[in-house]
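Colleague: I should be grateful for a close look at a single part of this model, namely how its helices pack against one another. Please describe one such contact in full and then set a second beside it.

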Amino acid sequence: MATTIPHHDLKRPEPGALKAALDALAARFGNRLITSQAVREQHGHTTTWLPTQPPDGVVLAQETADIQDVVRICAKHGVPVIPFGTGTSLEGQVNAPIGGICVDLRDMNKVLAVHAEDLDCVIQPGVTRKALNEHLRDQGLFFPIDPGADASLGGMASTRASGTNAVRYGTIRENVLALKVVRGDGEIITTGTRAKKSAAGYDLTHLFIGAEGTLGIICELTMRLRGIPETIAAAACSFETVGGACQATILAIQTGIPLARIELLNAAQVKACNAYSKLTLPETPLLLLEFHGSEAEVAEQSKNFAEIARECGGGEFTWTTRPEDRTKLWQARHDAYWSIKALRPGVGVIATDVCVPISRLADCVTETEEDIARFNLISPIVGHVGDGNFHCSLTCDLDDADETARCEEFMHRLVERAQGMGGTCTGEHGIGQGKQKYLKAELGAEALDAMRAIKRALDPQNIFNPGKIVPAV
């Protein structure tokens with residue numbers, strides 16, 4: 001059984017228009033236009049539960065002029081354009097529900113400039129977070145946003161990504177200074193400068209961040225950077241209950257401990273990580289933490305958190321500054337998805353996320369665990385709990401109608417629970433196709449009307465990634 005995706009009033013381009021566009025693209029790009037079935041399917045949605053909807057062709061862009069020409073050709077013929085970074089999005093953002101042309105940006109992977117004295121850099125959209133940090137390391141700098149996957153920075157900006165370091169360094173939203181975006185006529189919009197603040201006009205930078213390629217295609221980014229801390233310490237602390245781990249998180253945030261990372265793994269997730277990553281962690285709820293600063297600051301932060309953890313039912317608190325130990329601990333967290341896949345080989349994993357005010361975090365996680373048991377599901381929980389964001393990863397046999405129905409009901413209840421607690425249906429995965437139905441309840445019909453008005457103004461032909469975020473216009 002495949003989960004269906006709403007198509008709204010979307011219509012495929014006329015066959016003649018699509019052929020004309022493909023012919024023009026072939027003349028312009030030669031063998032950088034690929035129409036083979038295998039490559040097209042690789043550029044549709046290939047993660048989690050949504051079915052793949054491949055484009056009609058894939059263009060391998062190498063420079064901004066390539067993006068401009070694709071947009072101009074597709075706009076002339078009324079053919080959709082879908083940007084593609086590394087394909088790690090989770091809500092169908094790269095699907096092509098009515099076909100069209102995928103613009104693969106992975107070859108646009110140059111770091112154009114690094115201004116170490118100003119703590120910023122200018123990059124192309126295909127640069128990945130790991131590649132950027134490798135490039136910066138010798139200059140004593142790093143880019144802090146870490147969503148887990150080695151995603152492209154253009155894709156991270158487009159989906160308003162976050163990750164394990166957001167509790168201290170913010171999300172991608174707080175770390176982008178300016179963008180260059182190809183608009184619907186192929187011209188370029190510049191949204192800002194390298195200045196650290198500006199009051200000049202509408203905030204176009206943050207309009208395009210999180211727009212999922214529905215308003216234009218990002219072709220250049222100016223990013224904030226940070227200095228590599230003098231000391232980095234990783235820590236682990238087990239708890240008797242999920243509620244105790246969440247309460248320790250809340251108290252740490254409220255008392256101002258400058259945590260760099262604080263990640264929750266429930267008992268089911270710890271067990272999966274032990275099996276997959278060959279660890280021996282106690283199989284009870286676990287917090288993984290990281291502290292950044294001077295040696296004295298890190299020692300004080302660790303001491304203060306240990307005291308809070310004891311008050312909340314935490315057990316032995318261990319921490320290390322050895323890079324190899326830190327890497328092993330965090331690699332287990334980043335491999336959480338694969339550890340869940342290993343629980344039921346051959347069965348799909350449905351990844352979803354919600355985010356609530358931190359004061360409601362313990363309630364939301366506890367009630368969610370009760371629902372997992374009620375629906376007889378396997379769904380370990382991990383979370384960037386320092387900002388109230390957590391993830392459920394359900395194993396689900398999509399060929400089993402009963403199990404699929406239970407998973408869908410569980411996810412619906414999860415979103416309603418989060419929204420009822422003043423939270424959101426997605427903290428960092430985005431809306432894409434999968435969560436469109438929850439926007440009206442969260443923001444209201446008036447907000448959706450405003451989004452549609454913006455979409456009409458910037459993309460009157462509805463060629464940019466149609467069928468994502470809000471219903472087609």
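Modeller: The following account takes up two helix pairs in turn and closes with a single residue in a strand. The model is a predicted one. Two packed helices are described by the angle between their axes and the distance between the axes.

Helix α1 (residues 15-29) and helix α3 (residues 64-77) have axes that come within 9 Å and cross at roughly 155°. Since an angle over 145 degrees counts as roughly antiparallel, α1 and α3 are therefore roughly antiparallel to each other. The crossing of α1 past α3 is right-handed. On the α1 side the contact is formed by A17, A20, A21, A24, L25, R28 and F29, and on the α3 side by A65, D66, D69, V70, I73 and H77. Sorted by class, this contact of α1 with α3 comprises nine nonpolar, one polar and three charged residues.

The second pair consists of helix α8 (residues 242-254) and helix α13 (residues 361-374), which pack at an angle of about 160° with their axes 8 Å apart. That angle makes α8 roughly antiparallel to α13. Here, too, α8 passes α13 in a right-handed crossing. From α8, V242, G243 and C246 meet L361, A362, V365, T366 and E369 of α13. These residues divide into five nonpolar, two polar and one charged.

Finally, D353 lies in strand β16 (residues 348-355). D353 has a relative accessible area of 0% and is therefore buried. The D353 side chain reaches the backbone nitrogen of E428 at 2.9 Å. Beyond four places away in sequence, the residues that D353 touches include N389, F390, H391 and K435.

Key:
Residues are numbered from 1 along each chain as its sequence is written. This is a predicted model: local features need pLDDT of at least 70, side-chain atom pairs count only at pLDDT 80 or more; totals for chains, interfaces and linings use all residues. Side-chain values use heavy atoms; hydrogens and water are left out. Axes are lines fitted to C-alpha atoms, for helices over the stretch in contact, and angles run from 0 to 180 degrees between N-to-C directions. Helices (H or I, at least four residues) and strands (E, at least two) are DSSP runs, numbered from the N terminus. Angles under 35 degrees count as roughly parallel, over 145 as roughly antiparallel, 65 to 115 as roughly perpendicular and the rest as oblique. A crossing is left-handed if the near helix is turned anticlockwise from the far one by less than a right angle, and right-handed if clockwise. Contact means heavy atoms within 4.5 Å. Ala, Val, Leu, Ile, Met, Phe, Trp, Tyr, Cys and Pro count as nonpolar, Asp, Glu, Lys and Arg as charged, and the others, Gly among them, as polar. Buried means under 20% relative accessible area, exposed over 50%, partly exposed in between (1.4 Å probe, protein chains only). A polar contact is a pair of N or O atoms within 3.5 Å; within protein, one must be able to donate a hydrogen and the other to accept it, and residues adjacent in sequence count only if both atoms are side-chain atoms.
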